[in-house]
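Welcome, and thanks for joining this short tour. Please take a look at the model below, and then we can walk through it together.

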Amino acid sequence: MSGPILFSAVSFRAIWAVTCLMLNGGAALAADAPRAIVVTQAWVRASLGQTPTTAAYLKIENRGAAEDRILSVATPAAAAAQLHESVSTDGIMRMQAVKSLGINPGQSLELAPGGLHIMIMGLKSPLKAGQTIPIKLRLERAGEIEVEAEVRGLGAAK
Amino acid sequence: MSRTAKTFAAVLIVAVAVVAGVFLRHAVEEPLGVSVATAVKPFTLIDHNGRPVTDATFRGRALLLFFGFIRCPDVCPTSMSFAADLLNALGDSAGTLQIAFVTVDPERDTPEALRDYLANFDSRIAGLTGTPEQIAAVTKAFGVYYAKRALEGLDDYTMDHSTAFYLVSTNGQFHRAFALNDDSDEMIDELRAAISAASSPQKE
Ligand SMILES: [Cu+2]
């Protein structure tokens with residue numbers, strides 16, 4: 001019984017992947033075709049000395065007609081990156097991993113200091129203001145989007 | 001649901017929200033076990049120059065404390081850049097205030113590391129560290145919570161911690177706590193007023 005179900009799940013994924021690829025490829029070929037997901041204002045906080053953790057922020061806009069969802073984030077500059085949210089309960093701040101982040105059509109979402117952020121852990125080398133690092137977002141519909149994040153000073157608030 | 005039941009449910013929800021809101025605001029302004037206008041319990045720490053300091057060191061100036069740690073990637077740098085904005089906004093009267101960043105990660109945050117860290121925001125902000133026991137004592141004096149938490153899949157940890165600013169009057173009495181909100185201009189105004197009240201605590 002599990003065979004056909006498993007098979008159909010796999011084939012659905014395969015069709016989905018191919019569809020995503022075609023959509024992305026198509027968008028790249030037609031240079032003036034509007035992208036559904038637009039990522040702007042990406043920046044990352046400089047790190048202090050050998051401190052291996054920092055945070056990145058960006059604005060993501062869904063110009064498409066369907067909801068999309070950030071499934072994961074990554075950067076070649078560090079061992080790990082995760083979507084996090086700084087949440088305050090009774091004045092106590094905790095960082096929570098955010099499993100996935102939905103963006104409704106027409107919505108634009110800002111990852112900004114003190115709230116949603118991309119937590120960067122295990123930096124391979126210190127980040128200095130003026131550098132840039134690539135940040136990859138994997139979305140359910142739009143697939144992989146890579147942006148260059150500008151490194152800003154440790155004291156930067158935006 | 002009947003109309004009456006709906007109304008009742010709505011009223012109940014609002015009432016719970018209001019009580020929770022009042023409680024939360026209270027919890028932030030007056031942390032657990034710390035009352036306003038009472039003397040802050042004595043503490044001894046080490047500053048960013050490696051010098052010992054106590055609660056008495058700061059008498060005569062309003063003292064604004066923040067508890068955090070250097071590896072904190074989001075909230076601590078955001079709070080310290082607010083602290084730098086506050087000092088700039090105070091202009092000439094910034095001298096009436098001492099802002100201090102107290103580490104809740106004394107194992108990693110040495111005086112030198114604190115000095116380098118705070119220089120990125122404003123060198124007028126003092127960095128305070130100490131033995132784990134000294135940090136436990138000062139956090140207890142302000143009703144500050146902190147706890148280590150392992151970072152999943154990494155040989156590293158982060159800290160959960162209270163992120164309010166705690167204002168101490170010139171005479172060493174606890175004035176009140178402030179939670180950083182989204183409107184930094186509003187917060188600067190509120191703090192400006194509180195700092196001037198905390199600078200003449202006899203009039204309270
Ligand atoms: Cu985080």
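How much surface does chain A expose, and what share of it do carbon and sulfur atoms supply? Chain A of this predicted model exposes about 8,400 Å², and carbon and sulfur atoms supply 59% of that area.

Let us turn to the fold. Chain A contains one helix and 10 strands, and the helix precedes the strands when the elements are read from the N terminus. Of the 158 residues in chain A, 39% are buried. Among contacts between residues at least 6 apart in sequence, 67% join residues at least 24 apart.

Now for the metal. The copper ion in this model has four donor atoms, at 2.2 to 2.6 Å. Their angles span 99 to 123 degrees, and the site is tetrahedral. Along the chain, the donors follow the spacing H-x10-M-x21-H-x1-M. Met95(A) in strand β5 (residues 92–97) and His117(A) in strand β8 (residues 116–123) are 22 residues apart, so this pair links distant parts of chain A. Both are covered: Met95(A) is buried at 11% relative accessibility, and His117(A) is buried at 0%.Here are the buried residues discussed in this report, side by side.

| Residue | Relative accessible area |
|---|---|
| Met95(A) | 11% |
| His117(A) | 0% |
| Thr170(B) | 14% |

Finally, a stop in chain B. Thr170(B) sits in the loop between β8 (164–168) and β9 (174–179). Why does Thr170(B) count as buried? Thr170(B) counts as buried because its relative accessible area is 14%, which is under 20%. Leaving aside residues up to four places away in sequence, Thr170(B) touches residues including Arg59(B), Gly60(B), Ala198(B) and Pro201(B).

Key
Residues are numbered from 1 along each chain as its sequence is written. Chains are lettered from A and ligands numbered from 1 in the order in which they are written. This is a predicted model: local features need pLDDT of at least 70, side-chain atom pairs count only at pLDDT 80 or more; totals for chains, interfaces and linings use all residues. Side-chain values use heavy atoms; hydrogens and water are left out. Helices (H or I, at least four residues) and strands (E, at least two) are DSSP runs, numbered from the N terminus. Buried means under 20% relative accessible area, exposed over 50%, partly exposed in between (1.4 Å probe, protein chains only). Contact means heavy atoms within 4.5 Å. Accessible areas come from the Shrake-Rupley method with a 1.4 Å probe; for residues, only the protein chains shown count as cover. Donors are N, O and S atoms within 2.8 Å of the metal (3.2 Å for Na, K and Ca); water is not among the atoms, so sites may look incomplete. Four donors count as tetrahedral if all angles lie between 85 and 135 degrees; four count as square planar and six as octahedral if opposite donors are over 155 degrees apart and all others between 65 and 115; anything else is irregular.
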